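Reader: Please take a close look at a single residue of this model, then set it in the context of the whole chain. Keep it brisk.

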Amino acid sequence: MSSEMCCLGEKGVAEINTYLSSKKNSVVQSLVNVIKKYDTPQEINERAKEARKVENLIARLKRVEPSYVKDLEWLEEQKERKAFVSISDFRKKVSGEGAGAELPDESSAVTLEISALQYFPWFIAEAKRAIEKGELMPGRYIRVRNMREQVKDGDLLAVHAATEMAGASCVETLDTKGTDGSNIHLMGPETITGYFGGIGQPNEHALAWVDEFLYYYTNYGVQEVLNVNEGTILLALLLYKLGVNIKFKISVFKGIDNPYSFLWTLTAARLLAREDGTTALSGINLSNSVNAATIKTAAQIRRDLGFEDQVRIEHHITETAKSIVRQPYCRRDELVEVAVTVPNISAKHEGGDFEDESSLDHPSDILDYFRAKEEVIASGHWESLEKNYMLKHIALNRTAESLTKHGIAFVAARGLHGR
């Protein structure tokens with residue numbers, strides 16, 4: 001028996017191509033019809049590009065929440081006067097005077113990632129702390145807040161203006177994700193585990209997810225979102241193949257926890273890539289259960305399929321204290337082990353370090369992501385949730401310190417932290 005027998009058959013590939021391109025194919029045609037609601041792919045991309053410009057975001061924000069505009073003006077002032085610590089100075093602080101002279105190889109730098117940035121005021125508080133203490137701002141932000149809610153209070157506009165200014169990537173989570181009532185078996189915390197395996201867009205809600213994505217893409221410039229479902233992963237790949245320049249990352253809730261699941265996902269991305277070899281898939285957040293060997297094998301698969309520079313392997317270094325993993329959970333040492341040979345990896349911080357959170361009256365909880373802002377404030381938990389976020393920031397900086405001590409480069413907010 002030879003491994004060559006695993007090759008895709010020309011007949012099968014031809015049949016799939018015929019099926020996908022057929023005008024009688026109702027599932028693909030339904031996607032095309034959703035796109036047409038927003039115009040041609042070219043026009044859609046132009047609208048999104050215009051909406052994403054910082055000056056346009058701020059102009060709209062003035063009509064919604066003027067106080068946030070003042071915060072953004074402050075951020076721009078700090079950026080212009082280089083108030084944030086430089087990468088070389090951060091390295092000197094960690095490793096001594098001689099450390100900043102020669103930066104490590106940045107081609108394999110680890111992206112410092114934080115989740116979830118629920119509210120814009122937290123970003124400003126984080127920035128003020130970073131300036132005061134000579135700390136780093138993340139290079140990548142993940143958000144899991146209700147989209148309609150943050151449109152009303154200006155957070156969506158403010159956060160995207162801030163991350164654009166900071167030179168950091170930002171990923172949103174759309175409302176069509178199961179908790180909107182589409183998943184009839186998902187009632188609340190007691191059934192949240194229904195997410196694992198990617199359950200979240202049943203029946204017609206897969207197309208509703210595309211519709212929602214295109215709305216925020218064209219109106220707010222939201223380019224990258226979280227993806228938790230096999231069907232919406234396929235739709236996002238097709239959406240990009242058809243010419244719409246969106247991106248998506250696969251959530252930990254999808255449950256990609258072995259090399260074969262990883263290979264299956266990248267196979268789809270390769271088969272549905274554009275002619276130039278690019279894909280909409282920007283990152284895969286592996287399951288919390290994966291070990292170093294699986295991460296390294298996944299990296300080899302990614303390299304062999306030509307996606308090393310395009311698809312980030314995203315891995316949780318810390319997790320919320322409650323409702324998702326058994327604590328204590330910390331993968332910092334493992335990150336250092338794999339980052340030596342695995343490029344384009346992301347160190348995601350979803351919780352504070354266990355020793356910092358264990359004594360809190362309100363430790364971080366993944367279920368807090370699904371709470372309405374009004375309820376958070378009414379319950380008196382606003383300050384507690386902000387403290388939870390700051391502990392994630394502290395954990396992220398500890399990871400940067402650990403990477404620095406081992407001579408490994410990292411990616412912080414490029415617009416704030418010079419070399």
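Author:
**A buried glutamate and its setting**

E172 is buried, because its relative accessible area is 0%. Buried means under 20% relative accessible area, exposed means over 50%, and partly exposed lies in between (1.4 Å probe, protein chains only). This is a predicted model: local features need pLDDT of at least 70, side-chain atom pairs count only at pLDDT 80 or more, and totals for chains, interfaces and linings use all residues. Residues are numbered from 1 along each chain as its sequence is written, and side-chain values use heavy atoms, with hydrogens and water left out.

Where does E172 sit? The residue is in the loop between β3 (169-171) and α10 (205-220). Helices (H or I, at least four residues) and strands (E, at least two) are DSSP runs, numbered from the N terminus.

Two side chains make polar contacts with the side chain of E172. R143 does so at 2.9 Å. Q150 does so at 3.2 Å. A polar contact is a pair of N or O atoms within 3.5 Å; within protein, one must be able to donate a hydrogen and the other to accept it, and residues adjacent in sequence count only if both atoms are side-chain atoms.

The surroundings of E172 include other residues too. Setting aside residues up to four places away in sequence, E172 touches R143, M147, Q150, L156, H160, V222, E224, V225 and L226. Contact here means heavy atoms within 4.5 Å.

The loop that holds E172 also holds N203, again between β3 and α10. N203 is exposed, because its relative accessible area is 69%. Its phi is positive, about 55°, although N203 is not a glycine. Most residues other than glycine have a negative phi, and most peptide bonds are trans. D39 has a positive phi as well, near 100°, and is not a glycine. D39 lies in the loop between α2 (26-36) and α3 (41-52). D39 is partly exposed, at 41% relative accessible area.

Next, the cis peptide bonds. One runs from S115 to A116, with omega near 0°. A116 lies in the loop between β1 (110-115) and α7 (120-133). Another joins Q327 and P328, with omega about 0°. P328 is in the loop between β7 (312-318) and α14 (332-339).

Helix α7 contains A125. A125 counts as partly exposed, at 22% relative accessibility. Leaving aside neighbours within four places in sequence, A125 is in contact with E386 and M390. The C-alpha atoms of A125 and Q29 are separated by 46 Å, and these residues are 96 apart along the chain.

Now the whole chain. The protein chain has 17 helices and nine strands. Of its 419 residues, 55% count as buried. Residues 24 or more positions apart account for 79% of the contacts with a separation of 6 or more. The C-alpha trace spans about 60 × 55 × 45 Å along its principal axes. The radius of gyration is 21 Å, which agrees with the value near 22 Å for a compact globule of 419 residues. That radius is taken over C-alpha atoms, and the globule rule is 2.2 Å times the number of residues to the power 0.38.
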